[in-house]
Amino acid sequence: MENAMIRVRMSAGDAHYGGNLVDGAKMLQLFGDVATELLIRNDGDEGLFVGYDDVQFLAPVFAGDYIEAVGKIVKVGNSSRKMEFEARKVIKPRPDLNDSACDVLEEPVVVCRASGTCVVPKDKQRNK
């Protein structure tokens with residue numbers, strides 16, 4: 001199965017807590033967008049996210065960070081699609097240098113991993 005990826009910069013509007021910390025739920029929102037693309041590519045339909053069976057928040061995310069969220073379908077049932085996701089910080093701001101400095105990280109930092117299940121009803125599956 002092919003992967004899908006989205007890369008976005010966390011904005012000040014994404015910061016929910018003190019110190020410009022971004023709510024972990026933002027990673028799940030990104031995973032939802034990745035899942036939608038995977039379903040469209042696999043089935044020709046957006047499908048529905050049923051639920052997560054595992055979510056691990058592994059490192060903090062701050063406003064200004066660039067996050068790359070990737071996912072893949074790991075198992076295909078009649079209408080269910082089991083997926084795995086990972087979110088990585090690939091760029092971080094460097095306010096200690098100046099207010100517009102950023103560093104591309106040599107090694108991305110995994111900030112979240114998750115797995116879950118989506119469904120595409122049989123009557124909406126277009127890609128056979």
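Visitor: Is Asp103 buried, exposed or partly exposed, and what is its relative accessible area?

Guide: Let's begin there, keeping in mind that this is a predicted model. Buried means under 20% relative accessible area and exposed means over 50%, with partly exposed in between. Asp103 has a relative accessible area of 27%, so it is partly exposed.

Visitor: Which side chain does Asp103 meet in a salt bridge?

Guide: Here is the general idea: side chains of opposite charge can pair when their charged atoms come close. In this structure, Asp103 meets Arg94, at 2.6 Å from N to O. Arg94 counts as partly exposed because its relative accessibility is 21%.

Visitor: How many salt bridges does the count come to?

Guide: The count comes to 12 salt bridges. One of them joins Arg41 and Glu2, at 3.5 Å from N to O. Arg41 sits in helix H1 and Glu2 in the segment before strand S1, so this pair ties together parts that are 39 residues apart in sequence. As for exposure, Arg41 has 48% relative accessibility and so counts as partly exposed. Glu2 is partly exposed too, with a relative accessible area of 47%.

Visitor: What are the closest N and O atoms of Lys26 and Asp14 doing, and how far apart are they?

Guide: They are 3.4 Å apart, in a salt bridge between Lys26 and Asp14. Lys26 belongs to helix H1 and Asp14 to the loop between S1 and S2, with 12 residues separating them in sequence.

Visitor: Which residues are linked in a network of salt bridges?

Guide: The network links Arg7, Glu68, Glu86, Arg88 and Arg113. Take Glu68 in strand S5: its relative accessibility is 11%, so it counts as buried. The side chain of Glu68 makes a polar contact with the side chain of Arg7 at 2.3 Å. Glu86 is in strand S6 and counts as buried because its relative accessibility is 16%. The side chain of Glu86 has a polar contact of 2.7 Å with the side chain of Arg88. Leaving aside neighbours within four places in sequence, Glu86 is in contact with residues including Phe31, Glu68 and Arg113.

Visitor: Now for rings. How many aromatic pairs does a search of the whole structure find?

Guide: The search finds 4 aromatic pairs. When reading a pair, look at the angle between the ring planes: under 30 degrees counts as stacked. The rings of Phe31 and Phe85 have planes at 20° and centres 5.1 Å apart, so this pair is stacked. Phe31 lies in helix H1 and Phe85 in strand S6, so the pair ties together parts that are 54 residues apart in sequence. Phe31 is buried, at 0% relative accessibility, and Phe85 is buried at 4%.

Visitor: Which residues do ring pairs link into a cluster?

Guide: The cluster is made of Phe31, Phe49, Tyr52 and Phe85. Phe49 is in strand S4 and, at 30% relative accessibility, counts as partly exposed. Although Phe49 and Thr117 are 68 residues apart in sequence, their C-alpha atoms are 6.3 Å apart in space. Tyr52 also helps to make a nonpolar surface patch of about 250 Å², together with Val55 and Phe57.

Visitor: What is the phi of Asn20 near, and where does Asn20 lie?

Guide: Most residues other than glycine have a negative phi. Asn20 has a positive value, near 65°. Asn20 lies in the loop between strand S2 and strand S3, and its relative accessible area of 43% makes it partly exposed.

Technical notes:
Residues are numbered from 1 along each chain as its sequence is written. This is a predicted model: local features need pLDDT of at least 70, side-chain atom pairs count only at pLDDT 80 or more; totals for chains, interfaces and linings use all residues. Side-chain values use heavy atoms; hydrogens and water are left out. Patches are made of residues with over 30% relative accessible area and no salt bridge: like charges are joined within 9 Å, nonpolar side chains (Val, Leu, Ile, Met, Phe, Trp, Tyr) within 5 Å. Accessible areas come from the Shrake-Rupley method with a 1.4 Å probe; for residues, only the protein chains shown count as cover. A salt bridge is a side-chain nitrogen of Lys or Arg within 4 Å of a carboxyl oxygen of Asp or Glu. Rings of Phe, Tyr and Trp (its six-membered ring) pair if their centres lie within 6.5 Å; planes under 30 degrees apart count as stacked, over 60 as edge-to-face and the rest as tilted. Helices (H or I, at least four residues) and strands (E, at least two) are DSSP runs, numbered from the N terminus. Buried means under 20% relative accessible area, exposed over 50%, partly exposed in between (1.4 Å probe, protein chains only). A polar contact is a pair of N or O atoms within 3.5 Å; within protein, one must be able to donate a hydrogen and the other to accept it, and residues adjacent in sequence count only if both atoms are side-chain atoms. Contact means heavy atoms within 4.5 Å.
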